[in-house]
Amino acid sequence: MDTIATGGNVIIVDDDDEDVFAIRRAFSKYDGSIQLKHLADGAKAVDHLLAVQEFSDLPDLVLLDINMPRVNGFETLQALRSSTLTRHLPIIMFSTSDSVREIRQAYAAGANAHMVKPNSMSELQEFVRAIALFWLNSAALPNRS
């Protein structure tokens, strides 16, 4: 697996501790310099991200689970897209579902991408590699401009 040192910071919004552990592990295997922050639900993500005062303090990317208690991923995305500061924040929604309705809903709500959660560690590592190569290495990001 080709690795390009990317650095950057990513917020993982997911209520499933096992999924978060696996995602953290895959990121650390890919590039240990990527800073990861975990927020356990959408309410915490909205509170945290809307409290940010400057574009430069935003994360490079948010991985947002769809199915969470309290505030789900769609509600979280709607709140973040309604703020001038977080409107253009790159957000990838992910879920165990590959429902066409859910995928369309994610894009209609303003997600930058929708991805189905991988079933194996090797698939998760490829998922992380693809995300990091594009979003943290290649894409021009609003918080870095």
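This section describes the sheet, the helices, the nonpolar cores and selected residues of a predicted model.

The strands form one open sheet. It has five strands in the order E2-E1-E3-E4-E5, with parallel pairing. Strand E2 (35–39) and strand E5 (113–116) are the edge strands, and each pairs on one side only. From one strand to the next, the twist averages 20 degrees. Strands of a sheet pair through backbone hydrogen bonds, either parallel or antiparallel. Here, E3 and E4 pair in the parallel sense over four bridges. Within this pair, Leu63 stands opposite Ile92 in E4. E4 is also joined to E5 by four bridges, and these two strands run parallel. Phe94 has Met115 in E5 as its bridge partner.

Strand E4 is largely enclosed by the rest of the structure, because five of its five residues are buried. In a regular strand the side chains alternate between the two faces of the sheet. Both faces of E4 are covered. Ile91, Met93 and Ser95 are buried on one side, and Ile92 and Phe94 are buried on the other.

Two helices were examined for their packing on the strands. H3 lies across E3 and E4. Its direction is at about 170 degrees to E4. H5 lies across E1, E3, E4 and E5. The angle between H5 and E3 is about 140 degrees.

Helix H1 was examined along its length and around its axis. At 1.5 Å a residue, its 14 residues should span 20 Å; the end C-alpha atoms are 20 Å apart, which agrees. The buried residues of H1 are Val20, Ile23, Ala26, Phe27 and Tyr30. Seen down the helix axis, these buried residues fall within an arc of 130 degrees, so they line one face of H1. They pack against E1, E2, E3, E4 and H5. On the other side of H1, Asp17, Glu18 and Phe21 are exposed.

In soluble globular proteins, nonpolar side chains tend to be buried together. The largest nonpolar core of the model has 22 residues. Val10 and Leu63 touch the most other members of this core. Two or more residues come from each of strand E1 (9–13), helix H1 (17–30), strand E3 (61–65), strand E4 (91–95) and helix H5 (121–138). H5 gives the largest share, seven residues. A second core, of 20 residues, lies apart from the largest one. Among its members are Val13, Leu39, Ile66 and Leu77.

The contacts of Val10 were listed without its neighbours within four places in sequence. Val10 is in contact with Phe27, Ile34, Gln35, Leu36, Lys37, Leu61, Leu63 and Leu136. Phe27 is one of the buried residues of H1. Leu63, listed among these contacts, is the residue opposite Ile92 in E4.

Helices H2 and H3 each supply a buried residue for closer description. Ala43 lies in helix H2 (residues 42–50), and Thr76 lies in helix H3 (residues 73–81). Ala43 has 11% relative accessibility and therefore counts as buried. Thr76, at 0%, also counts as buried. Along the chain, Ala43 and Thr76 are 33 residues apart, yet their C-alpha atoms are separated by 7.1 Å. Not counting residues up to four places away in sequence, Thr76 touches Gly42, Ala45, Val46, Leu64, Met68 and Val71. On the same basis, Ala43 touches Arg70 and Val71.

Arg70 is found in the loop between E3 and H3. At 62% relative accessibility, Arg70 counts as exposed. Most residues other than glycine have a negative phi, and most peptide bonds are trans. The phi of Arg70 is near 65 degrees, a positive value in a residue other than glycine.

Asp60 provides a further loop position. It is placed in the loop between H2 and E3. Because its relative accessibility is 3%, Asp60 counts as buried. Asp60 and Gln78 are 18 residues apart in sequence. In space, their C-alpha atoms are 18 Å apart.

Conventions
Residues are numbered from 1 along each chain as its sequence is written. This is a predicted model: local features need pLDDT of at least 70, side-chain atom pairs count only at pLDDT 80 or more; totals for chains, interfaces and linings use all residues. Side-chain values use heavy atoms; hydrogens and water are left out. A nonpolar core is a set of buried Ala, Val, Leu, Ile, Met, Phe, Trp, Tyr and Cys residues joined through side-chain atoms within 4.5 Å. Buried means under 20% relative accessible area, exposed over 50%, partly exposed in between (1.4 Å probe, protein chains only). Contact means heavy atoms within 4.5 Å. Two strands pair if DSSP finds at least two bridges between them. Axes are lines fitted to C-alpha atoms, for helices over the stretch in contact, and angles run from 0 to 180 degrees between N-to-C directions. The expected span of a helix is 1.5 Å times one less than its number of residues. The arc is that of the directions from the helix axis to the C-beta atoms.
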